[in-house]
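Student: I am new to this structure and should be grateful for a close look at one part of it. Please choose a place where two helices meet, and then connect that place to its surroundings.

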Amino acid sequence: MPRFYGFDNQALTRVRAEERQVVREAVGRIRAGQSQAEVAAWMTAEGHRGTMGGEWTSMTLGRLLDNPAIAGLERDPETNELRETGREALITPDEFRWLQQRPGRPGSVRSDQDRAPDYEYLLAGGLVECELCGQRMAGARTGAGTPSYRCQTNFEGRGGCGKVRINASLLEDFVAEHVLGELLRPGAIVALEAARASMSVDADQVCTRIAELEKSRTELAEPYAKGELARSTFVATDRAIGQSLKENRARLRFLEQVVEVPLGGVEDLARWWKHAPHRSKRALVVLLVGKIQVRAARARGVRDVAHRVTLTWRTPGAA
Ligand SMILES: [Zn+2]
């Protein structure tokens, strides 16, 4: 019988520390929203192998994570309930229970078999713009189910031309390649730190602005209650403050996401990028790229991304 990953002996009384670390990080990544396949790919890329020397796959990782022994648990043969064994563990029983119940767990019962898996659009949130009409482009599947970015014919009451569409993975790969190239230039990380610092100041200012808006909204209610302010004036002013609050809060969420990017210690950026959590990658793109403009394809089916895309870099310090 092959050795059980994470343990030194068949009795599972001795943990292998370096393998426990791998399992812990794998579980952490799954908790952060990565799929089992993504985590398996990361394990293999890091040089970790199963106890028989094989590369990790979604299936072999799933088998490991489904085994209660990793949490010092076993199933009662009669009732199938989990009980503690008192042996060594790689993760906590709570973590194990969470893994068993997590949404989207491979092998769990799916309510909708035919539904295409969720696609996380790296460049969502207004980064991509239709060059034809200036409208923002949003993630949407084509009729054939391929993830793409499309000029929105309607966004917050504003209509776009709807004529421009681009394959999502082609655009994302193109942007990633340029972002990584930019980061490998000498001094790039230092410039990035400066841009981030200025965004952090920006975030503080937006915070102050939000507090002021909330205060003026409260103050507005008083003269209205005393009859010193016409209802129409009150409603219009209140609405304007509400809109401004909404915009400032969106800006704050955006800035906070950027300020959170881990910058130091990324030794091999390309390798990091391949397996980094979606959120970190997105924030890094936002930190470097101000705008991505997309033109219509010259002809259907032509995959000439480079000719269709204009990247506008943020100027360090001016962000
Ligand atoms: Zn458009």
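**Helix 2 and its surroundings**

Tutor: In this predicted model, the axes of helix 2 and helix 3 come within 8 Å and cross at roughly 100°. Helix 2 is therefore roughly perpendicular to helix 3. Both values belong to the usual description, since two packed helices are described by the angle between their axes and the distance between the axes.

The residues that meet at this crossing can be named. Helix 2 contributes Gln36, Ala37, Val39 and Ala40, and helix 3 contributes Ser58, Leu61 and Gly62.

Helix 2 itself spans residues 36-45, and its buried residues are Gln36, Val39, Ala40, Trp42 and Met43. Viewed down the axis of helix 2, these buried residues fall within an arc of 160°, so they line one face of the helix. The cover over them includes helix 1 (17-31), helix 3 (58-65) and helix 8 (269-275). After helix 2 comes glycine 47, with a positive phi near 90°.

The nonpolar cores come next. The largest nonpolar core has 25 residues, and those with the most contacts inside it are Leu123, Val128, Met137, Tyr149, Val285 and Val294. Two or more residues of this core come from each of strand 3 (128-130), strand 5 (147-151), helix 5 (168-183), helix 9 (278-288) and strand 7 (289-294). Helix 9 gives the largest share, six residues. A second, separate core has 19 residues, among them Val27, Val39, Leu61 and Ile70. Two of these names have already appeared at the helix crossing, where Val39 lies on the side of helix 2 and Leu61 on the side of helix 3.

Within the largest core, Valine 294 may serve as an example. Leaving aside residues up to four places away in sequence, Valine 294 touches Val128, Cys130, Glu131, Met137, Tyr149, Val164, Ile166, Arg308 and Val309.

Strand 5, which gives residues to the largest core, also takes part in an open sheet of three strands, in the order 4-5-6 and with antiparallel pairing. The edges are formed by strand 4 (137-141) and strand 6 (165-167), each of which pairs on one side only. On average, and with direction ignored, neighbouring strands of this sheet are turned by 30° against each other.

The two pairings of this sheet can be described in turn. Strand 4 and strand 5 pair in the antiparallel sense over five bridges, and alanine 140 stands opposite serine 148 in strand 5. The hairpin of these two strands has five residues between them, and in it glycine 145 takes a positive phi near 90°. Strand 5 and strand 6 pair in the antiparallel sense over three bridges, and arginine 150 has arginine 165 of strand 6 as its bridge partner. Helix 5 packs on the sheet and touches strand 4, strand 5 and strand 6, with its direction at about 75° to that of strand 6.

One further residue may be noted. Cysteine 207 lies in helix 6 (residues 188-225). This cysteine 207 is partly exposed, because 14 other C-beta atoms lie within 10 Å. Cysteine 207 and leucine 252 are 45 residues apart in sequence, and their C-alpha atoms are 7.2 Å apart in space.

Technical notes. Residues numbered from 1 in each chain as written. Predicted model: local features only at pLDDT ≥ 70, side-chain atom pairs only at ≥ 80, totals over all residues. Core = buried A, V, L, I, M, F, W, Y, C linked by C-beta atoms within 7 Å. Buried ≥ 20, exposed ≤ 12 C-beta atoms within 10 Å, placed from the backbone. Helix = DSSP H or I, 4+ residues; strand = E, 2+ residues; numbered from the N terminus. Contact = placed C-beta atoms within 7 Å. Arc of directions from axis to C-beta. Pairing = 2+ DSSP bridges. Axes fitted to C-alpha atoms, helices over the stretch in contact; angles between N-to-C directions. Parallel < 35°, antiparallel > 145°, perpendicular 65-115°, else oblique.
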